[in-house]
Amino acid sequence: VDRDGCVDSGCPLGTNCTDVSAPGTGVICSACPAGSEVDNGKCEDVNECANSTLNNCAHICVNQAPFFQCECREGFRLVDEARCEDVNECNDFLPCHQ
């Protein structure tokens, strides 16, 4: 009797399960979605901001499942999605009070 292994599979929550047809046995689990990994039996968001090797933000990293976003401190603007450059208020804003 061929039994659907996905009914009580060991696939992590958040992945897809594919039953291996008889005469084979077992299941094939898909990978977690991009930006997540298996943790305690389910797919969990990877916090790229908690590890500086996973993000290249110059100033501020904001974790936003499934990925992250870089932001700049006040007085700077974001360039190239990660770098921050100083805002020259006299060129960008008139009148200049700097």
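In the predicted model, a disulfide joins Cys57 to Cys70, with an S to S distance of 2.0 Å. The torsion about the S-S bond of Cys57 and Cys70 is about -80°, so this disulfide is left-handed. Cys57 is placed in the loop between β4 and β5, whereas Cys70 belongs to strand β6 (residues 67-71), so the bond ties together parts that are 13 residues apart in sequence. Both Cys57 and Cys70 are buried.

The count of disulfides in the model comes to 6, and two further examples involve the segment before β1. One of them is formed by Cys6 and Cys17, whose sulfur atoms are 2.1 Å apart. With a torsion of about -90° about the S-S bond, the disulfide of Cys6 and Cys17 is left-handed. Because Cys6 lies in the segment before β1 (17-19) and Cys17 in strand β1 itself, the pair ties together parts separated by 11 residues in sequence. Cys6 counts as partly exposed at 22% relative accessibility, and Cys17 is likewise partly exposed, with a relative accessible area of 26%.

The other example is the disulfide between Cys11 and Cys29, in which the sulfur atoms are 1.9 Å apart. The torsion about the S-S bond of Cys11 and Cys29 is about -90°, so this disulfide is also left-handed. The pair links distant parts of the chain, with Cys11 in the segment before β1 and Cys29 in strand β2 (residues 27-29), 18 residues apart. The two partners fall into separate accessibility classes: Cys11 is buried, with a relative accessible area of 14%, while Cys29 is partly exposed, with a relative accessible area of 34%.

The loop between β4 (42-45) and β5 (60-64), in which Cys57 lies, also holds Asn55. With a relative accessible area of 13%, Asn55 falls under the 20% limit and is therefore buried. The side chain of Asn55 has polar atoms placed by the backbone of the chain on two counts: the backbone oxygen of Glu48 lies 2.9 Å from a polar atom of this side chain, and the backbone nitrogen of Cys57 lies 3.1 Å from a polar atom of the side chain of Asn55. When residues up to four places away in sequence are not counted, Asn55 touches Glu48, Cys49, Cys61 and Phe68. Glu48 thus appears both among these contacts and as the residue whose backbone oxygen lies 2.9 Å from the Asn55 side chain.

Two strand pairings may be described in turn. Strand β3 (residues 36-39) is joined to β4 by 4 bridges, and the two strands run antiparallel. Within this pairing, Ser36 has Asp45 in β4 as its bridge partner. β3 and β4 form a hairpin with 2 residues between them, and Asn40, in the turn, has a positive phi of about 55°. In the second pairing, β5 and β6 run antiparallel and are joined by 5 bridges. Ile60 stands opposite Glu71 in β6, and β5 and β6 form a hairpin with 2 residues between them. Strand β6 of this hairpin is also the strand in which Cys70, the partner of Cys57, is found.

Beyond this hairpin, Cys72 is placed in the loop between β6 and β7. At 18% relative accessibility Cys72 counts as buried. Leaving aside neighbours within four places in sequence, Cys72 is in contact with His59, Ile60, Arg77, Leu78, Arg83 and Cys84; among them, Ile60 is the residue that stands opposite Glu71 in the pairing of β5 and β6. The C-alpha atoms of Cys72 and Cys61, residues 11 places apart along the chain, are separated by 8.8 Å.

Arg77, one of the residues in contact with Cys72, lies in strand β7 (residues 76-79). Arg77 is partly exposed, with a relative accessible area of 34%. From C-alpha to C-alpha, Arg77 and Val38 are 35 Å apart in space, and they are 39 residues apart in sequence. As regards aromatic side chains, the count of aromatic pairs comes to 0, whereas a charge is found over a ring, Arg73 lying over the face of Phe76 at 5.8 Å from the ring centre.

Definitions and conventions
Residues numbered from 1 in each chain as written. Predicted model: local features only at pLDDT ≥ 70, side-chain atom pairs only at ≥ 80, totals over all residues. Heavy atoms only, no water. Buried < 20%, exposed > 50% of the residue type's maximum accessible area, 1.4 Å probe, protein only. Polar contact = N/O pair within 3.5 Å; in protein donor to acceptor, adjacent residues only side chain to side chain. Contact = heavy atoms within 4.5 Å. Pairing = 2+ DSSP bridges. Disulfide = S-S within 2.5 Å. Phe/Tyr/Trp six-rings, centres within 6.5 Å; stacked < 30°, edge-to-face > 60°. Lys NZ or Arg CZ within 6 Å of the ring centre and 35° of its normal.
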